[in-house]
Amino acid sequence: MASVKIFDTTLRDGEQSPGVTLIPEEKLAIAKQLAKMKVNVIEAGFPISSDGDFNAVKMVSENVSGVEVAALARCRKGDIDRAWEAVRDAENPRIHVFIASSPIHLEYKLQMTEDEVLNNAVEAVKHAAQYTDNIEFSAEDASRSDIDFLARLFEAVIEAGAKVINIPDTVGYSVPSEFGQMIKDVKEKTPNIDQAEISVHCHNDLGLAVANSLAAIENGATQVEVSVNGIGERAGNAALEEIVMALYTRQDYYNLDITQDTTQIARLSKLVANSTGISLQANKAIVGANAFAHEAGIHQDGVIKERTTYEIMDAKTIGLDHNKLVLGKHSGRHALKDFLDKYDYELDEESFESFFKRFKGLADKKKNISNADIIALLDNELYDYEKIYELEYISVLTGKGLLPTATVRLKKEGEIIQSAACNGDGPVDAIFQTINELTGMEDIKLMSYKIDAVTEGKDALGEAFIAAEIDGKIFTGHSSQTDITEASAAAYIEAINKYLVYMNNK
Ligand code: KIV
Ligand code: ZN
């Protein structure tokens, strides 16, 4: 059975979402999870854009296997050389070059003629071909381009060595029947199209990215470019989880083999939401909090009698068996190790021992521990990076008529620093202000702060999310603890640590 290649661009187009800054270690953790899900290609970044992006692409290339790794470049020699330098050590590296092809972009942005664009594209593909034959060419704003010019451009780049031609709906303007027809026309009008794979890359400005991508697949596209949770420029890209689950659930219609591991979807989605700070709307298809919830009595009754009356997908297919009670106070190392194996978490001996201690700490406070609790604890340390500050101790005094007072003790590169201060509008503000004082970072602007309960019940773990603007960039922090003030402090410190790593990488 034929299949469609899943090209994930969460780490490149996704990172172009307004306000998102990922440090290389976060990108690596996401890339590893994408590889676990068995996507075919990971676009890890745009190496010429910054040293941080270059380092992230290099880190992913050197540490993630079983997947192609792509690096983006404009049709310029310097971009292509830098992209190759970053991606060359990947198991299967790909160079992805792009140039705009629509009249609007040619006139106003590039100030180039069609022939100039075509020559530039051919030169770029030939330059990339010195390094690898795994070359993808994108005609930016293809959906608003003249079809005859597009066909001429694709014919020329395929002749020069491009193995994948990508047709982006860059501004999310197309509608499904029209976009499907465009794929058909490209196939008909490009004489050497059989020597290349056809890819599509749809943006979601009109909410049609997934529908357009599926229409393209029906008309001959064999690669789709997607991002986790649909993040990306403006309204984002086609959502990975929606495309994969549409192909999986309607295999009877599409007749395509699904080579991805769908059970990794929930974990991947959460990892990306936590790292980027872009949270999911409750009714988001597949991964929203309500995606598998039933409110109406008639529906609940139907599902109890037979799940398929109102559910077209089983939550387990995307890796959700959240509320299952798995471990408790009497569970030992062995049971915890079994759990980690089952859910594919790899911890070295030292990390396992410290995790076991935290698990026991939780078990002392909470009688029954569910999958979601353990995964939330594990998510506290999803990626390893140089942490300048670590939270050692925290206490807050607050109450009606009292000035909130926070005492915070941090470890800074091995040394203890501490401060107690009466300040702030409330206990959490008092903690943040004391941390600002201790770290000397007074100009942090808190953009969002949210506390969620990981499971139901009054002994639930509290999960804190922070997005903070530091030096004009947004950094996120996340932590799950039994005490929400501790979770808030740890999340705030994570945002500061990520800023410091980002500055070191810049
Ligand atoms: O939206 C777009 O056109 C892109 C290209 C670089 C593929 O992101
Ligand atoms: Zn894009």
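Guide: Contact means heavy atoms within 4.5 Å of each other. By that rule, Ile-147, Asp-148, Leu-150, Ala-151 and Phe-154 in α6 meet Met-182, Asp-185, Val-186 and Lys-189 in α7. The model is predicted: local features need pLDDT of at least 70, side-chain atom pairs count only at pLDDT 80 or more, and totals for chains, interfaces and linings use all residues. Residues are numbered from 1 along each chain as its sequence is written, chains are lettered from A and ligands numbered from 1 in the order written, and side-chain values use heavy atoms, without hydrogens and water.

Visitor: What kinds of residue make up the contact of α6 with α7?

Guide: Six are nonpolar, none is polar and three are charged. Here Ala, Val, Leu, Ile, Met, Phe, Trp, Tyr, Cys and Pro count as nonpolar, Asp, Glu, Lys and Arg as charged, and the others, Gly among them, as polar.

Visitor: Why are α6 and α7 called oblique to each other?

Guide: α6 and helix α7 (residues 176–189) pack at about 55°, with axes 9 Å apart. Angles under 35 degrees are roughly parallel, over 145 roughly antiparallel, 65 to 115 roughly perpendicular and the rest oblique. Therefore α6 and α7 are oblique. Their crossing is right-handed (near helix turned clockwise from the far one by less than a right angle; anticlockwise would be left-handed).

Visitor: What makes α5 and α6 roughly parallel?

Guide: Helix α5 (residues 114–129) and helix α6 (residues 147–160) pack at about 25°, their axes 8 Å apart. That angle makes α5 roughly parallel to α6. This crossing is right-handed. Among the residues that meet are Val-117, Leu-118 and Ala-121 in α5, and Phe-149, Leu-153 and Ala-156 in α6. The contact has 11 nonpolar, no polar and four charged residues.

Visitor: How do you know that β5 and β6 pair?

Guide: Two strands pair if DSSP finds at least two bridges between them. Strand β5 (residues 135–140) and strand β6 (residues 164–169) have three, in the parallel sense. Glu-136 has Val-164 in β6 as its bridge partner.

Visitor: Which larger arrangement do eight strands form?

Guide: They form a closed barrel, running β1-β2-β3-β4-β5-β6-β7-β8, with parallel pairing. The twist averages 25° from one strand to the next.

Visitor: Which helix lies across β4 and β5?

Guide: Helix α4 (residues 103–110) does, running at about 80° to β4 (92–100). α5 also touches β4 and β5, and its direction makes about 170° with that of β4.

Visitor: What makes β11 and β13 edge strands?

Guide: An open sheet of three strands has the order β11-β12-β13, with antiparallel pairing. β11 (389–397) and β13 each have a single partner strand, so one side of each has no neighbour in the sheet. The twist averages 15° between successive strands.

Visitor: How many bridges join β12 and β13?

Guide: Strand β12 (residues 405–412) and strand β13 (residues 415–422) pair over eight bridges, in the antiparallel sense. Arg-409 stands opposite Gln-418 in β13, and Thr-407 opposite Ala-420. Two residues lie between the strands of this hairpin, where Glu-413 takes a positive phi near 45°.

Visitor: Which helix lies across β11, β12 and β13?

Guide: Helix α16 (residues 427–439), at about 40° to β12. Helix α17 (residues 484–505) lies across β11 and β12, at about 145° to β11.

Visitor: Which residues does the UniProt domain annotation cover?

Guide: The unreviewed UniProt entry places "domain: Pyruvate carboxyltransferase" at residues 4–264. That span is 43% helix and 18% strand, with its end C-alpha atoms 18 Å apart.

Key:
Axes are lines fitted to C-alpha atoms, for helices over the stretch in contact, and angles run from 0 to 180 degrees between N-to-C directions. Helices (H or I, at least four residues) and strands (E, at least two) are DSSP runs, numbered from the N terminus. UniProt positions are given in the numbering used here, feature names are shortened, and annotations may be inferred rather than shown by experiment.
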